[in-house]
Amino acid sequence: MKRLLLLLLMLVAAPAFADSNLPPAPLANVQLKDPAKEAQAQTLMLTLRCVVCQGQSIADSNAEMAGDMRALVRTRIAAGQSPEAIRAWLIARYGDYVSYDPPLSAVTAPLWIAPLILLALGVWFARASFKRRAKR
Amino acid sequence: MKRWLIWVPFAVALGLLALVGWGLYKPADRTVRSALVGQRLPQFALPPIVPGKPGLATAAFAKGKPRLLNVFASWCIPCIAEAPQLLKLKQAGVEIDAVAIRDTPAAIADFLARNGDPYAAIGDDKTSSVQLALGSSGVPETFVIGGDGRIVLQHVGDIRAEEVPGLIAAVRNAR
């Protein structure tokens with residue numbers, strides 16, 4: 001009975017979060033007053049990676065650090081910085097990894113060239129099979 | 001149609017299986033490292049968080065002597081595990097400054113009372129701004145800053161007991 005009670009107690013246990021007890025940064029979840037600037041910030045946030053929850057953009061993530069990164073983006077956009085300057089600032093600190101818009105370099109070249117190669121392969125394959133059919 | 005072609009899909013499937021198995025047993029390193037290692041410490045100035053201990057600014061570094069910059073928080077559990085190692089480093093003569101991420105004075109005072117206080121200065125970083133400027137992606141992280149104000153090394157995660165000698169050597173070698 002006691003054991004069952006203890007097991008049942010586990011159901012109501014609150015999960016332990018590795019989160020601070022401070023509220024989110026002022027601009028983490030609040031839009032900018034100027035809709036044009038907010039749109040600029042939003043577009044940029046969708047293409048920046050959250051460095052804690054690595055598969056999500058900072059616009060999608062609930063992690064505290066993503067909130068702080070959103071606040072950073074909005075503060076800088078509000079101050080008149082261009083989205084590309086903010087992206088460059090973050091890349092200087094976290095590497096290309098932080099951006100979902102990878103630049104063309106020796107490392108990322110396969111990413112850009114592979115689709116072209118696959119397309120060429122497909123065309124070659126289709127041509128070969130159409131020719132065979134025509135002969136018949 | 002050549003007969004052996006029938007084995008191609010099987011071989012491809014086997015290859016895929018091997019790839020998945022390899023990924024399971026040897027997962028890629030997902031640690032996010034700072035791209036600033038080897039470069040100058042970025043400019044920042046943080047107010048103090050606990051009474052009697054100064055805040056932290058870039059000017060505290062680049063004074064000719066290498067220092068450690070520890071990024072920590074009272075709400076971070078690995079930081080508690082790391083505390084004895086930081087005390088050992090301090091005993092070895094390493095000077096340690098800290099940036100407290102998203103924290104309150106009361107919580108930091110409590111953390112220092114419980115786990116010891118190896119810090120010469122603690123800066124109050126309420127919005128992780130300095131953490132982002134450093135290219136740090138979590139707590140705890142420790143940076144070795146050379147006497148010329150350059151970031152020499154980044155240690156991601158808590159410092160384990162066996163990693164202390166390596167860090168002492170890194171501080172000695174950093175000029």
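Good morning. A residue is called buried if 20 or more other C-beta atoms lie within 10 Å of its own, exposed if 12 or fewer, and partly exposed in between. I begin with that definition because the strand at the centre of my talk depends on it. Please also keep in mind that the structure above is a predicted model.

Let us turn to strand E4 of chain B, residues 96-101. How many of the six residues of this strand are buried? Six of the six are, so E4(B) is largely enclosed by the rest of the structure. The two faces can be taken in turn. On one side lie B:Ile96, B:Ala98 and B:Ala100, and on the other lie B:Asp97, B:Val99 and B:Ile101; these residues are all buried, and thus both faces of E4(B) are covered.

Next, the neighbours of E4(B). Strand E3 of chain B, residues 67-72, runs parallel to E4(B), and five bridges join the two. One pair to locate in the structure is B:Leu69 with its bridge partner in E4(B), B:Asp97. Strand E5 of chain B, residues 119-125, is also parallel to E4(B), and here six bridges make the connection. In this pairing, B:Ile101 stands opposite B:Asp125 of E5(B).

How does the chain cross from E4(B) to E5(B)? The path goes through helix H3 of chain B, residues 105-115, and this β-α-β crossover is right-handed. A right-handed β-α-β unit is also made by E3(B), helix H2 of chain B, residues 77-91, and E4(B).

E5(B) deserves a word on burial as well. Six of its seven residues are buried, so this strand too is largely enclosed by the rest of the structure.

We may now place these strands in the whole sheet. In chain B, five strands form an open sheet in the order E5-E4-E3-E6-E7, and the pairing is mixed. Which strands are at the edge? They are E5 and strand E7, residues 151-156, of chain B, each of which pairs on one side only. From one strand to the next, the twist averages 20°. The parallel pairs have been described already; an antiparallel pair is formed by strand E6 of chain B, residues 141-145, and E7(B), over five bridges. There, B:Glu141 stands opposite B:Val156 of E7(B).

A single residue can show how the parts of chain B come together. B:Leu68 lies in strand E3 of chain B. Is B:Leu68 buried or exposed? This residue has 25 C-beta neighbours inside 10 Å and therefore counts as buried, since the cut-off is 20 or more. Leaving aside residues up to four places away in sequence, B:Leu68 touches B:Leu89, B:Val94, B:Ile96, B:Thr142, B:Val144 and B:Val171. You will recognise B:Ile96 as a residue of E4(B). B:Leu68 and B:Ile145 are 77 residues apart in sequence, yet their C-alpha atoms are 6.0 Å apart in space.

I turn now to the loops of chain B, where some backbone details merit attention. The loop between helix H4, residues 129-134, and E6 of chain B holds B:Pro140. The peptide bond from B:Val139 to B:Pro140 is cis, with omega near -10°.

Two further residues have a positive phi although neither is a glycine. For B:Ala62, phi is about 55°, and the residue is found in the loop between strand E2, residues 56-57, and E3 of chain B. For B:Arg102, phi is about 45°, and its place is in the loop between E4 and H3 of chain B. What is the burial of each? B:Ala62 has 16 C-beta neighbours inside 10 Å, so it counts as partly exposed. B:Arg102 has 27 such neighbours, so it counts as buried.

Chain A offers an example of helix packing. Two packed helices are described by the angle between their axes and the distance between the axes. Helix H2 of chain A, residues 35-46, packs with helix H4 of chain A, residues 83-94, at an angle of about 35°, and their axes are 10 Å apart. The contact involves A:Gln40, A:Thr43 and A:Leu44 of H2(A), together with A:Pro83, A:Ile86 and A:Arg87 of H4(A). By class, these are three nonpolar, two polar and one charged residues. The crossing of H2(A) past H4(A) is right-handed.

Finally, the contact between the chains. Chain B contributes 20 residues to it, and chain A contributes 20 residues. On the side of chain B that touches chain A, eight residues are nonpolar, eight are polar and four are charged. Thank you for your attention.

Key:
Residues numbered from 1 in each chain as written. Chains lettered and ligands numbered in written order. Predicted model: local features only at pLDDT ≥ 70, side-chain atom pairs only at ≥ 80, totals over all residues. Contact = placed C-beta atoms within 7 Å. Nonpolar A, V, L, I, M, F, W, Y, C, P; charged D, E, K, R; others polar. Axes fitted to C-alpha atoms, helices over the stretch in contact; angles between N-to-C directions. Helix = DSSP H or I, 4+ residues; strand = E, 2+ residues; numbered from the N terminus. Left-handed = near helix turned anticlockwise from the far one by under 90°. Pairing = 2+ DSSP bridges. Right-handed = clockwise from strand over helix to strand, strands pointing away.
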